[in-house]
Amino acid sequence: MLLSVVVSARHAHGYLRAALDSVTGQAAPGGGPVELELIAVGSGDPDGAPELAVARECAARDPRLSVLLLDGSWDAGAARNAGAAAARGTYLLFLDGDDLLLPGAGAAIAARLSADRPDVLRVGHDRVDWRGAPQPGPAFPAARGQLFRRGFWDDAGLHFTEGLYGDVVPVHRALFLASDAGTLAVLDRVCVRHRPRRRGTPATTPGRAHFAVIDAHARLAGGTGGDPRAAAARTAHLTAVLGDRGRIAPADRAAFFRAAGLPGTYAAHRFREAVGAWRTRARAVLRAVHKSVRARVMRVLYRADLHRPLDPRLAVYGAYWNRGVACNPAAVYTKARELVPHIRGVWVVSSRHRDRMPPGVPYVIEGSRAYWRTMATATYLVNNSSFPGGFTKRPGQVYLQTHHGTPLKTMGLDQYPYPALTGGVDFERIVAHTDQWDFSLSANPHSSEVWDRVYPSTYEQLPYGYPRNDVLCTATAERTAKIRAELGIASGATVLLYAPTHRDYRKGFVPLVDVEALARELGPGGVLLVRAHYFYGRSAGTGSTERVVDVTGHPGVEELCLAADALITDYSSLMFDYACLDRPIITYAPDWEAYRASRGTYVDLLSGRPGDTPGAVATTQDELFEVLRTGAWRSEEAAALRAAFRSRFCPYDDGRAAERVVRRIFPPGPG
């Protein structure tokens with residue numbers, strides 16, 4: 001057996017079930033369950049009865065979980081020692097009842113352990129506050145962030161001590177020994193998440209109990225023979241504890257400093273802290289002043305540039321609030337280079353996304369001198385959102401608004417009835433932006449109808465279809481095979497793309513399905529591509545395994561669509577684009593009522609009416625798995641719904657949308 005996971009179940013009633021399920025739900029690299037045993041260490045005392053009931057209920061469902069009872073007074077250290085003594089796995093992982101083993105972590109850990117066979121494997125760990133916001137884990141080593149080879153643990157005589165900071169000695173000793181022997185490995189991904197409770201625990205409650213960290217490091221120094229690494233670890237750890245107001249109360253800071261014997265005097269330490277805080281504030285003020293002055297200078301120069309003549313051969317492009325070359329503007333840019341090469345295209349990109357720019361594509365950085373001069377002199381403006389900074393559209397400039405999706409949720413002025421989520425929306429600014437448009441691109445009659453109402457102005461509607469979908473209509477089997485190969489997908493694999501959208505009422509990306517379990521439902525050779533909304537950055541946080549591939553950072557969603565045999569989504573406008581391929585679409589909408597109530601929708605995806613529902617529907621994880629098991633996702637009924645959906649939302653998509661746009665917007669070249 002590869003892995004033994006020991007979980008201390010004391011004082012974790014409301015958290016324990018999720019902790020245990022996060023371990024038993026892990027999948028191996030090739031599919032199927034991870035080879036492990038899970039030992040929940042509980043209390044036979046009445047105080048531990050709620051946790052014990054949860055552990056036994058979970059054990060009844062999964063034979064890999066056993067419950068180990070301890071009597072009398074004990075803490076996490078004793079629980080871990082008892083679990084280690086009972087463990088049969090080759091490696092030990094120690095978790096608390098309020099920890100989680102994140103999806104995909106089991107497969108990644110198992111693959112690394114099997115490949116390297118280290119004595120100690122360090123893994124990433126973080127924590128979430130009681131609101132659920134992820135935060136980095138502490139810088140100093142902790143038990144939950146390491147896996148130990150059991151034979152190594154036993155041979156070194158490692159064990160946890162009682163009380164707070166009982167993991168200081170064994171964790172540091174293990175790291176030192178493994179480092180010396182060259183048997184220390186590191187897995188660079190977050191595998192464990194700690195969930196501190198708002199009401200606190202002994203480890204997170206301020207008080208003099210945290211002085212125990214001083215004694216813990218004294219034991220470490222004594223047990224390592226004065227190893228200089230122990231001294232460095234002591235200084236770093238004690239300084240971190242001193243600076244944590246959740247551990248050392250302000251009234252105890254001086255006493256802790258003296259007891260810890262940290263270098264210098266407490267007064268000097270406070271002075272250094274004050275100086276550091278002052279420098280931080282001063283730098284922030286200077287940055288703000290510099291930014292303000294620079295912005296004013298840029299505006300002055302921009303107003304001067306507005307008197308320059310427009311460049312009839314210059315077009316400026318932007319997409320997704322300056323995230324790089326993407327979407328409809330990218331397809332228009334590419335086709336313009338082919339049909340009107342005399343028009344020079346320049347992209348606007350923010351400084352934090354400049355690494356996304358392909359080699360050889362001209363660009364200017366948002367807010368720079370070059371940006372403002374380009375905005376002042378370009379004749380053609382193409383964007384799927386808006387240009388930054390509040391530019392002044394000049395007479396003679398031509399602005400094409402391509403949009404970036406077919407509207408399912410309410411947009412523009414239709415958001416008025418939903419103040420809970422649009423309280424910060426400046427509707428006057430929306431209307432002013434709309435008045436700048438000369439052309440508004442429409443993907444289908446539904447979009448034309450909505451744009452006309454929610455963005456009222458005098459622009460011309462272009463019912464041309466979406467240029468970004470041209471590739472979906474023209475791609476060959478060879479192109480699809482090449483994309484799959486680049487993604488590392490084996491020939492003949494069944495590939496599903498899971499692409500949920502952003503929720504206005506939720507922070508951070510949280511998959512509403514167990515992605516590893518979903519991948520297993522695809523059967524042997526199945527691969528699940530996971531793509532989070534771009535609002536969440538470049539990673540879904542799920543990691544990548546043989547069966548689950550995080551493709552959030554992939555530059556082209558159109559390529560992902562071509563690679564996928566089917567799409568699983570909820571309320572993403574991607575479904576309207578994917579329908580061009582005439583491949584199965586599964587609507588997975590576990591929070592449909594909440595989504596509709598919070599934002600409003602134009603289409604009832606769950607109605608089952610032809611034209612509204614693109615295929616099979618599921619509202620729970622079990623229903624989703626059943627859709628896959630029964631083949632309902634590719635049934636005749638689903639195909640009929642998809643045909644009606646395509647007829648309604650893809651009537652213009654024929655592979656020539658970009659050409660129509662370019663010929664309408666740009667003048668032909670000389671000759």
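**A walk through the predicted model**

Helix α21, residues 592–599, buries Trp592, Tyr595, Ser598 and Arg599. Looking down the axis of α21, you will find these buried residues within an arc of 140°, so they line one face of the helix. Glu593 and Ala597 sit on the other side of α21, where they are exposed. Just past the end of α21 comes Gly600, with a positive phi of about 80°. Do keep in mind, as we go on, that this is a predicted model.

From here, let us turn to the sheets. One open sheet holds 6 strands, arranged in the order β19-β18-β17-β20-β21-β22 with parallel pairing. Its edges are β19 (548–550) and β22 (617–618); each has a single partner strand, so one side of each is left without a neighbour in the sheet. Inside the order, β20 (residues 566–569) and β21 (residues 585–588) run parallel and are joined by 3 bridges. If you would like a pair of residues to look for, take Leu567, whose bridge partner in β21 is Ile585. Helix α22, residues 621–630, lies across several strands, namely β17 (494–498), β20, β21 and β22. The direction of α22 is at about 165° to that of β21. Because angles over 145 degrees count as roughly antiparallel, α22 can be called roughly antiparallel to β21.

Another open sheet is made of 7 strands, and here too the pairing is parallel. Reading across, the order is β12-β11-β10-β13-β14-β15-β16. The edge strands β12 (363–365) and β16 (460–462) each pair on one side only. Averaged over the sheet and ignoring direction, neighbouring strands are turned by 25° against each other. At the β16 edge, strand β15 (residues 439–441) runs parallel to β16, and 3 bridges join the two. Leu441 has Leu462 of β16 as its bridge partner.

Within this sheet, strand β13 (residues 378–383) is worth a pause, as Leu381 lies in it. The relative accessible area of Leu381 is 0%, so this residue counts as buried, the limit being under 20%. What does Leu381 touch, leaving aside its neighbours within four places in sequence? Its contacts are Val316, Met375, Phe387, Phe391, Gln397, Val398, Tyr399 and Leu400. Gly360 makes a useful landmark: Gly360 and Leu381 are 21 residues apart along the chain, and their C-alpha atoms are separated by 20 Å.

Antiparallel pairing appears around strand β8 (residues 146–149). Strand β4 (residues 91–96) pairs with β8 in the antiparallel sense over 3 bridges, and Leu93 has Leu147 of β8 as its bridge partner. Strand β6 (residues 120–128) also runs antiparallel to β8, again with 3 bridges between them. Here Val120 stands opposite Phe148 of β8.

Our last stop is a pair of helices. Two packed helices are described by the angle between their axes and the distance between the axes. For α7 (residues 212–223) and α8 (residues 228–242), the axes come within 10 Å and cross at roughly 175°. The two helices are therefore roughly antiparallel to each other. On the α7 side, the contact is made by Val213, Ile214, His217, Leu220 and Ala221. From α8 come Ala230, Ala233, Arg234, His237, Leu238 and Val241. Sorted by character, the residues of this contact are 8 nonpolar, 2 polar and 1 charged.

Terms used: Residues numbered from 1 in each chain as written. Predicted model: local features only at pLDDT ≥ 70, side-chain atom pairs only at ≥ 80, totals over all residues. Heavy atoms only, no water. Pairing = 2+ DSSP bridges. Helix = DSSP H or I, 4+ residues; strand = E, 2+ residues; numbered from the N terminus. Buried < 20%, exposed > 50% of the residue type's maximum accessible area, 1.4 Å probe, protein only. Arc of directions from axis to C-beta. Axes fitted to C-alpha atoms, helices over the stretch in contact; angles between N-to-C directions. Parallel < 35°, antiparallel > 145°, perpendicular 65-115°, else oblique. Contact = heavy atoms within 4.5 Å. Nonpolar A, V, L, I, M, F, W, Y, C, P; charged D, E, K, R; others polar.
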